[in-house]
Amino acid sequence: MKDRRSFLKTAALGAAVFSLDSIASAADAQAKKGGVTGKPIVVSTWDFGRAANSAAWEILKKGGRALDAVEAGVRVPEADPNNHTVGYSGYPDRDGRVTLDACIMDEFGNAGSVCALEHVTHAISVARKVMEKTPHVMLAGDGALQFALANGFEKENLLTPEAEKAWQEWLKKSEYKPVINIENKSYDSKGATAFNPLMLPGNQYNHDTIGMVAMDANGNLSGACTTSGMAFKLHGRVGDSPIIGAGLYVDNEIGAATSTGVGEEVIKIVGSHLVVELMRQGYPPEAACKEAVTRIVKRSPSKAKEIQVGFLALNKKGQVGAYCLQPGFSYAVLSNEQNNVLINGKSHFK
Ligand code: SD4
């Protein structure tokens, strides 16, 4: 049997020599060290994940279903006017239109999704309705809006004055560079070198998508992911967040994973599905996320240096792990043992 240290060494040599034996012992070692956080448990991306976790916990602590918890959880940042990367007050696309992407998945493998949805704050709840009320998985654009309005959602203006102002500012140069923030480089004294609205000093939330996965007291898993996508993107651009397997994946036998960052890179490796499949092979959550990040680096080493991508995973044992490209990716964990702690994910680049 190998200990955790030798497992990590083996892992560094690459997946080819990543024996299942070493993976299993690493998971056991993590469990012995208290890495198992048990059930119920909810985890979500970024610092705003804490408020979202608290809402989800209200349901989980009463023995409620993980699906209800993740929906309630991500509705918090969706409604937050100070959050410009999710839901209401999200930064618009380059035409000034706020378009939302979201998806949800339950313990039965059911899935629902909306992409490029306008005028409805709670894209996640529309995604859930798609899952529960239609034979489809995904509705897009006008069709998604039409469906939402037919199902009782109100038409709203999501573009707040603050977000509009940032867009107007961007229009002055209209530089088409919808880069994602790289957190540690966000607030140097000279400001960002390239204009990046997500880096504006004083912007309370320079973070991105909320991805949340949870396990309820019955041991069932669900997940939700919702975003306004990249600021000032091309109209019609859709990221990874509403794509089942890319931005989110749940397999109730194995675990669940979600992602944040530059969606194009996540889509190309079908990131969240990859993480869950790696966990099926025995990888602990962090190692699975790390391998997914490594694939992005291998595919496009120079691009990987410029962008942020983070994965967050929860396995059926209640173990949590994450890994990202750049330092600064945080995630929040709430369970009976973990009091909504904010953890900094380990990163590929230091
Ligand atoms: C997207 N993944 O639209 C989302 C945005 C995001 O960190 O998560 N940014 O590509």
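# A walk through the predicted model

For "binding site", the UniProt record, an unreviewed entry, lists Arg237, Val238, Gly239, Asp240, Thr260, Gly261, Val262 and Gly263. The structure shown here is a predicted model, and the residues named in that record serve as starting points for the paragraphs below.

Before turning to single residues, the protein as a whole can be outlined. The protein has 11 helices and 12 strands. Its chain holds 350 residues, of which 59% count as buried. Among the contacts in the protein with a separation of 6 or more, 65% are accounted for by residues 24 or more positions apart.

Two of the listed binding-site residues, Arg237 and Asp240, can be taken together. Arg237 sits in the loop between strand E6 (221-227) and strand E7 (248-251), and Asp240 is likewise placed in the loop between E6 and E7. Is Arg237 buried or exposed? The relative accessible area of Arg237 is 12%, and buried means under 20%, so Arg237 is buried. Asp240 also counts as buried, at 3% relative accessibility. Apart from residues up to four places away in sequence, Arg237 touches Gly229, Met230, Gly263 and Glu264. With neighbours within four places in sequence left aside, Asp240 is in contact with Ala246, Gly247, Ser259, Gly261, Gly263, Val266 and Ile267. Gly263 thus appears in the contacts of Arg237 and in those of Asp240, and Gly263 is itself one of the residues in the UniProt list.

Thr260, another residue of that list, belongs to strand E8 (residues 255-261). The relative accessibility of Thr260 is 1%, and Thr260 therefore counts as buried. Which side chain does the side chain of Thr260 join through a polar contact? The partner is Trp46, at 2.9 Å. Beyond its neighbours within four places in sequence, Thr260 is in contact with Thr45, Trp46, Asp208, Thr209, Gln308, Val309, Gly310 and Phe329.

One of those contacts, Thr209, carries an annotation of its own: the UniProt record, an unreviewed entry, places the feature "active site" there. Thr209 lies in the loop between helix H7 (161-173) and strand E5 (210-215). With a relative accessible area of 4%, Thr209 is buried. When neighbours within four places in sequence are left aside, the contacts of Thr209 are Thr45, Trp46, Phe48, Val86, Cys225, Thr226, Thr227, Ser241, Ser259 and Thr260. Thr45 and Trp46 are therefore in contact with Thr209 as well as with Thr260, going by the cut-off of heavy atoms within 4.5 Å.

Thr227 is in contact with Thr209, and Thr227 is also touched by Thr99. Thr99 is found in the loop between helix H4 (66-79) and strand E2 (100-105). Thr99 counts as buried, at 3% relative accessibility. The side chain of Thr99 makes a polar contact of 2.9 Å with the side chain of Lys233. Not counting residues up to four places away in sequence, Thr99 touches Asp93, Ala116, Leu117, Glu118, Thr227, Ser228, Lys233 and His235.

The next stop is a pair of helices. The axes of helix H5 (residues 123-133) and helix H6 (residues 141-150) come within 10 Å of each other and cross at roughly 80°. Angles of 65 to 115 degrees count as roughly perpendicular, so H5 is roughly perpendicular to H6. Where the two helices meet, H5 contributes Val126, Lys129, Val130 and Lys133, and H6 contributes Ala144, Phe147 and Ala148. The residues of this contact comprise five nonpolar, no polar and two charged.

Why can H5 be called largely enclosed by the rest of the structure? Eight of its 11 residues are buried. These buried residues of H5 are Ala123, Ile124, Ser125, Val126, Ala127, Arg128, Val130 and Met131. Their cover includes H4, E2, strand E3 (111-117), strand E4 (138-140), H6 and E6.

The last residue considered is Phe349, in the segment after strand E12 (341-344). The C-alpha atoms of Phe349 and Leu325 are separated by 5.9 Å, although the two residues are 24 residues apart along the chain. Aside from its neighbours within four places in sequence, Phe349 is in contact with Ala304, Lys305, Leu325, Gln326 and Pro327.

How values were computed. Residues numbered from 1 in each chain as written. Predicted model: local features only at pLDDT ≥ 70, side-chain atom pairs only at ≥ 80, totals over all residues. Heavy atoms only, no water. UniProt positions renumbered as here; feature names shortened; annotations may be inferred. Helix = DSSP H or I, 4+ residues; strand = E, 2+ residues; numbered from the N terminus. Buried < 20%, exposed > 50% of the residue type's maximum accessible area, 1.4 Å probe, protein only. Polar contact = N/O pair within 3.5 Å; in protein donor to acceptor, adjacent residues only side chain to side chain. Axes fitted to C-alpha atoms, helices over the stretch in contact; angles between N-to-C directions. Parallel < 35°, antiparallel > 145°, perpendicular 65-115°, else oblique. Nonpolar A, V, L, I, M, F, W, Y, C, P; charged D, E, K, R; others polar.
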